[in-house]
Amino acid sequence: MNRKPVVAGQFYPGSRDKLLEEVREYLAGGSPAQTAAVASMVPHAGYPFSGGVAGRTLARARPGRRVLLLGPNHTGQGKPFSVWSSGAWDLPGVSVPVDEDLAEQVLQAHPAMEEDHQAHIREHSLEVVLPFLYALDEATRVVPVAIAENDPNALIQAGEALAGVVSSQQEPVSIVVSSDMSHFIPADRAKQQDELALRRICDIDPEGLVETVSRNRISMCGVLPMTVALALTRKLGCTRGEVVEYANSGDFIGDYDSVVGYAGVVIW
């Protein structure tokens with residue numbers, strides 16, 4: 001079963017040529033690292049708002065052609081760990097195939113991982129990232145996972161289980177997380193709060209991220225998948241993260257009284 005796009009022509013251009021032209025412009029603004037990052041986190045708003053942050057971050061991260069794609073579940077539909085395990089994800093004029101072999105290993109890695117389409121049908125957060133991955137390498141294959149599990153222990157256990165899958169692959173697997181940061185608060189407050197969360201991310205501290213976001217009521221929509229990614233990368237031996245760029249919606253529309261924060265992070 002192929003997953004059809006739901007925000008084409010809204011969050012990003014609805015034609016193939018215009019979409020790839022815009023995405024490649026965003027990617028061209030980045031500075032590729034000498035070695036590929038193990039994981040990265042990018043925002044998922046409309047491209048005029050967050051496309052630059054996403055493109056420059058992924059250009060620096062240099063993800064490979066096999067990607068474990070982790071995102072939030074905004075709709076509340078489906079399973080706590082919803083895996084789209086077969087077929088492809090369609091975009092305007094192109095399709096990104098699911099890495100079915102890797103998806104099967106993800107499903108077997110932990111009992112909480114379940115095959116589920118419902119969580120993905122109307123969820124935009126992973127769809128918005130796919131054009132960047134395709135533009136970087138048209139042979140990209142993905143395993144999309146939407147995460148709604150709220151138990152920190154369950155998130156960390158799932159991440160550690162996924163680390164076993166990633167480390168066992170002959171062909172490298174990159175982890176890409178989709179998340180925006182603070183929502184609808186003044187820009188100065190958003191930056192202050194988001195810096196607290198980003199510090200925990202760069203320290204590869206999944207427990208600290210959960211605690212910081214909860215204690216400070218930071219409206220980071222992808223805290224759940226990012227917690228999984230931090231547990232995964234910590235298990236793999238990663239030691240540091242780097243904030244590539246931080247911006248907010250006010251930078252585009254000029255209203256800094258109520259913004260959404262966008263951060264790009266890579267993990268080594």
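In this predicted model, R217 is exposed, because its relative accessible area is 74%, and the cut-off for exposed is over 50%. R217 sits in the loop between α8 (206-215) and α9. Its backbone is also notable for its phi, which is near 50°. That is a positive value in a residue other than glycine.

R62 also has a positive phi, here of about 55°, although R62 is not a glycine. The loop between α2 (47-61) and β2 (66-72) holds R62. With a relative accessible area of 37%, R62 is partly exposed. That value falls between the two cut-offs, under 20% for buried and over 50% for exposed.

A further loop residue is P172. The loop that contains P172 runs between α6 and β8 (174-178). P172 counts as exposed because its relative accessibility is 63%. In sequence, P172 and P63 are 109 residues apart. In space, their C-alpha atoms are 9.3 Å apart.

Helix α6 also takes part in a helix pair. Two packed helices are described by the angle between their axes and the distance between the axes. Helix α3 covers residues 100-109, and helix α6 covers residues 152-167. The two pack at an angle of about 145°. Their axes are 9 Å apart. The crossing of α3 and α6 is right-handed. On the α3 side, the contact is made by L102, Q105, V106 and A109. These meet A161, L162 and V165 in α6. Six residues of this contact are nonpolar and one is polar. None is charged.

Attention now turns to the interior. In soluble globular proteins, nonpolar side chains tend to be buried together. The largest nonpolar core of this model has 74 residues. M41, L68, M220 and M226 have the most contacts inside this core. Helix α9 (residues 223-235) supplies the largest share of the core, with seven residues. The surroundings of M220 can be listed, leaving out residues up to four places away in sequence. M220 touches M41 and M226. Its other contacts are S179, D180, M181, A197, I201, L209 and V213.

Helix α9 also contains T233. At 0% relative accessibility, T233 counts as buried, because the cut-off is under 20%. The side chain of T233 reaches the backbone oxygen of L230 at 3.2 Å. Neighbours within four places in sequence aside, T233 is in contact with V38, A39, I204, C238 and I267. T233 and V166 are 67 residues apart in sequence. Their C-alpha atoms are 9.7 Å apart in space.

A charged residue, D90, is found in strand β4 (residues 88-91). D90 is buried, because its relative accessible area is 11%, and the cut-off for buried is under 20%. The side chains of D90 and K4 are joined by a polar contact of 2.8 Å. D90 also touches N2, R3, P5 and S95, not counting residues up to four places away in sequence.

Note on methods. Residues are numbered from 1 along each chain as its sequence is written. This is a predicted model: local features need pLDDT of at least 70, side-chain atom pairs count only at pLDDT 80 or more; totals for chains, interfaces and linings use all residues. Side-chain values use heavy atoms; hydrogens and water are left out. Axes are lines fitted to C-alpha atoms, for helices over the stretch in contact, and angles run from 0 to 180 degrees between N-to-C directions. Helices (H or I, at least four residues) and strands (E, at least two) are DSSP runs, numbered from the N terminus. A crossing is left-handed if the near helix is turned anticlockwise from the far one by less than a right angle, and right-handed if clockwise. Contact means heavy atoms within 4.5 Å. Buried means under 20% relative accessible area, exposed over 50%, partly exposed in between (1.4 Å probe, protein chains only). A nonpolar core is a set of buried Ala, Val, Leu, Ile, Met, Phe, Trp, Tyr and Cys residues joined through side-chain atoms within 4.5 Å. A polar contact is a pair of N or O atoms within 3.5 Å; within protein, one must be able to donate a hydrogen and the other to accept it, and residues adjacent in sequence count only if both atoms are side-chain atoms.
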